[in-house]
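Here is a short tour of the fold for anyone about to work with it at the bench. Have the sequence and the structure open side by side as you read.

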Amino acid sequence: MTIIYDHEVKGLDDSLTNIQHLHRDVISSTMHIHLDERNCLLVTALRGEVRTIQNLAKELIAKKG
């Protein structure tokens with residue numbers, strides 16, 4: 001899964017990290033890349049049941065920023 005987000009949105013980094021911790025059963029690895037002054041790319045390797053991964057994706061998509 002790949003996500004581009006604005007790291008200057010207050011609380012977004014913490015929120016994304018908390019969600020990742022809640023779904024550590026399907027997250028194999030993550031990589032955080034700084035694209036520019038504001039934007040970051042989060043690449044997440046996932047492994048597990050499709051429904052669980054879809055729920056994770058829905059939680060992440062719901063975050064603004």
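## Before we start

When one part is said to cover or touch another, contact means heavy atoms within 4.5 Å. Please keep in mind that this is a predicted model.

## Helix H2 and its two sides

Let's begin with helix H2, which runs over residues 50-61 and has twelve residues. From its first C-alpha to its last it reaches 16 Å, close to the 16 Å expected at 1.5 Å a residue. Three of its residues, Leu56, Ala57 and Leu60, are buried. They cover an arc of only 100° around the axis, which puts them on the same side of H2. Turn the helix over, and the face away from that buried side carries the exposed residues Arg51 and Lys58.

What covers the buried residues of H2? The cover includes strand E1 (2-6), helix H1 (12-22), strand E2 (27-34) and strand E3 (39-46). Ile61 also lies in helix H2, and with a relative accessible area of 66% this isoleucine is exposed. If you would like a distance to check on screen, try Ile61 and Ala45: they are 16 residues apart in sequence, and their C-alpha atoms are 16 Å apart in space.

## Helix H1 and its two sides

Helix H1 can be read in a similar way. Its buried residues are Leu12, Ser15, Leu16, Ile19 and Gln20. Looking down the axis of H1, you will find these residues within an arc of 135°, so they line one face of the helix. On the face turned away from the buried side sit the exposed residues Asp14 and Leu22. Among the elements that cover the buried residues of H1 are E1, E2, E3 and H2.

## The E2-E3 hairpin

Next come two of the strands. E2 and E3 pair in the antiparallel sense, over seven bridges, and a hairpin of four residues joins E2 to E3. Which residue of E3 is the bridge partner of Ile27? That partner is Leu46.

## The nonpolar core

In soluble globular proteins, nonpolar side chains tend to be buried together. Here, the largest nonpolar core has eleven residues: Ile3, Tyr5, Leu12, Leu16, Ile19, Val26, Ile27, Cys40, Leu42, Leu56 and Leu60. The elements that give two or more residues to this core are E1, H1, E3 and H2. H1 gives the most, with three residues.

Ile3 is a handy residue to click on if you want to see this core up close. Leaving aside residues up to four places away in sequence, Ile3 touches Cys40, Leu41, Leu42 and Leu60.

## A salt-bridge network around Arg38

How many salt bridges does the model have? The count comes to two. In one of them, the side chains of Arg38 and Asp6 meet at 2.4 Å, N to O. This pair links distant parts of the chain, with Arg38 in the loop between E2 and E3 and Asp6 in strand E1, 32 residues apart. Another salt bridge joins Glu8 to Arg38, and there the closest N and O atoms are 3.5 Å apart. Glu8 lies in the loop between E1 and H1 and Arg38 in the loop between E2 and E3, so this pair ties together parts that are 30 residues apart in sequence. Asp6, Glu8 and Arg38 are thus linked in a network of salt bridges.

Are the members of this network buried or exposed, or something in between? Arg38 counts as partly exposed because its relative accessibility is 40%, and Glu8, at 44%, also counts as partly exposed. Asp6, on the other hand, counts as buried because its relative accessibility is 12%, which falls under the 20% cut-off.

## A closer look at Asp6

Asp6, found in strand E1, is a good place to end the tour. What does Asp6 touch, not counting residues up to four places away in sequence? Its contacts are Leu12, Arg38, Asn39 and Gly65. Arg38 is the salt-bridge partner of Asp6, while Leu12 is one of the residues of the largest nonpolar core and one of the buried residues of H1.

Conventions
Residues are numbered from 1 along each chain as its sequence is written. This is a predicted model: local features need pLDDT of at least 70, side-chain atom pairs count only at pLDDT 80 or more; totals for chains, interfaces and linings use all residues. Side-chain values use heavy atoms; hydrogens and water are left out. The expected span of a helix is 1.5 Å times one less than its number of residues. Buried means under 20% relative accessible area, exposed over 50%, partly exposed in between (1.4 Å probe, protein chains only). The arc is that of the directions from the helix axis to the C-beta atoms. Two strands pair if DSSP finds at least two bridges between them. A nonpolar core is a set of buried Ala, Val, Leu, Ile, Met, Phe, Trp, Tyr and Cys residues joined through side-chain atoms within 4.5 Å. A salt bridge is a side-chain nitrogen of Lys or Arg within 4 Å of a carboxyl oxygen of Asp or Glu.
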